[in-house]
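Good morning, and thank you for making time for this short presentation. Please turn to the sequence and the structure, which I will put before you now.

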Amino acid sequence: MTDLTPTTVLDNPLQWARTYAMRAPNIPETVKVARDMVFGLLNATGHSALAETARLLVSEVVSNVHLHTKVPLLTLEAMVGSDRILVSVQDDDPRGTPSSPEAGIPSEDEHGRGLLLVRELATAWGTVWHGGLRPTGKSVWFELRGTRTAWMT
């Protein structure tokens, strides 16, 4: 899975029914706001079976931005399809996160467990670098799959 990017996971972009985005300050409270937004979104779109796992993984990915970068803002994007959700968290710091899905091995001081959870619980995940040869930022993304129960209107 090391070469996966959101574009390779998205077999057909037309399968994605809705995209939601949130731009927020890089502060501790954003972790709760982001996880609650994705949790509510999944429940509202009939993906409640994925909601708890997504809430946990959003917490981990957004927390990593807060703990390992000094950027003022982050962007969370959630693409909800009929059988999956793809969540991406982008920041404008090219450093501060592992560059491959093999990373995420916890250290003895308990750091690194968040990406281990992402690696173990997500259908797929990875990091996308933005800005060409001299990256200006990155997105850490994960995908969860499961059938939806019903669309809310």
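What percentage of the residues in the protein chain is buried? Of the 153 residues in the protein chain, 41% are buried. I should say at the outset that this is a predicted model.

Let me begin with the general layout. The protein chain has four helices and five strands. Read from the N terminus, these elements follow the order α-β-α-α-β-β-α-β-β. Consider next the contacts between residues at least 6 apart in sequence: 66% of them join residues at least 24 apart. As for the outside, the accessible surface of the protein chain is about 8100 Å², and carbon and sulfur atoms account for 56% of that surface.

I turn now to helix α4, which spans residues 113–121. Which residues of this helix are buried? They are Gly114, Leu115 and Val118. Viewed down the axis of α4, these buried residues fall within an arc of 95°, and therefore they line one face of the helix. Their packing partners are helix α3, residues 48–68, strand β4, residues 124–130, and strand β5.

Helix α4 also contains Leu117. Leu117 has a relative accessibility of 32% and counts as partly exposed, because the partly exposed class runs from 20% to 50%. Together with Leu56 and Leu121, Leu117 makes a nonpolar surface patch of about 210 Å².

Let us move to strand β5, which covers residues 137–145 and includes Lys138. Is Lys138 buried or exposed? Lys138 has a relative accessible area of 2%, so this residue is buried. Where do the polar atoms of its side chain find partners? The side chain of Lys138 is joined to that of Asp91 by a polar contact of 2.7 Å. In addition, a polar atom of the Lys138 side chain lies 2.4 Å from the backbone oxygen of Asp93.

A further residue of strand β5 brings us to the salt bridges. How many salt bridges does the structure hold? There are eight, and I will present three of them in some detail.

In one of them, Glu143 pairs with Arg84, and the closest N and O atoms are 3.3 Å apart. This pair links distant parts of the chain, since Glu143 belongs to strand β5 and Arg84 to strand β3, residues 84–91, with their positions 59 residues apart in sequence. Both Glu143 and Arg84 are buried. For Arg84, the relative accessible area is 4%. The two side chains also make a polar contact, at 3.3 Å.

Arg84 has another salt-bridge partner in Asp83, where the closest N and O atoms are 3.1 Å apart. Asp83 is partly exposed, at 29% relative accessibility, whereas Arg84 is buried.

The third salt bridge I have chosen joins Asp36 and Arg55, with the closest N and O atoms 3.7 Å apart. Here, too, distant parts of the chain are linked: Asp36 lies in helix α2, residues 28–44, Arg55 lies in helix α3, and the two are 19 residues apart. Asp36 is partly exposed, with a relative accessible area of 30%. Arg55 is likewise partly exposed, at 23% relative accessibility. Which residues are linked with these two in a network of salt bridges? The network consists of Lys32, Asp36, Glu52 and Arg55.

My last stop is Pro25, in strand β1, which runs over residues 16–25. Pro25 has a relative accessible area of 38% and is partly exposed. Which residues does Pro25 touch, leaving aside those up to four places away in sequence? They are Thr30, Pro72 and Leu73. Pro25 and Thr75 are 50 residues apart along the chain, and their C-alpha atoms are separated by 8.9 Å.

To close, I would ask you to keep two places in view as you look at the model. One is helix α4, whose buried residues pack against α3, β4 and β5. The other is strand β5, which holds Lys138 and also Glu143, the partner that Arg84 meets from strand β3. Thank you for your attention.

Terms used: Residues numbered from 1 in each chain as written. Predicted model: local features only at pLDDT ≥ 70, side-chain atom pairs only at ≥ 80, totals over all residues. Heavy atoms only, no water. Buried < 20%, exposed > 50% of the residue type's maximum accessible area, 1.4 Å probe, protein only. Polar contact = N/O pair within 3.5 Å; in protein donor to acceptor, adjacent residues only side chain to side chain. Arc of directions from axis to C-beta. Contact = heavy atoms within 4.5 Å. Areas by Shrake-Rupley, 256 points an atom, 1.4 Å probe, with all protein chains shown as cover. Patch = residues over 30% accessible without salt bridge, like charges linked within 9 Å, V, L, I, M, F, W, Y side chains within 5 Å. Salt bridge = Lys/Arg side-chain N within 4 Å of Asp/Glu carboxyl O.
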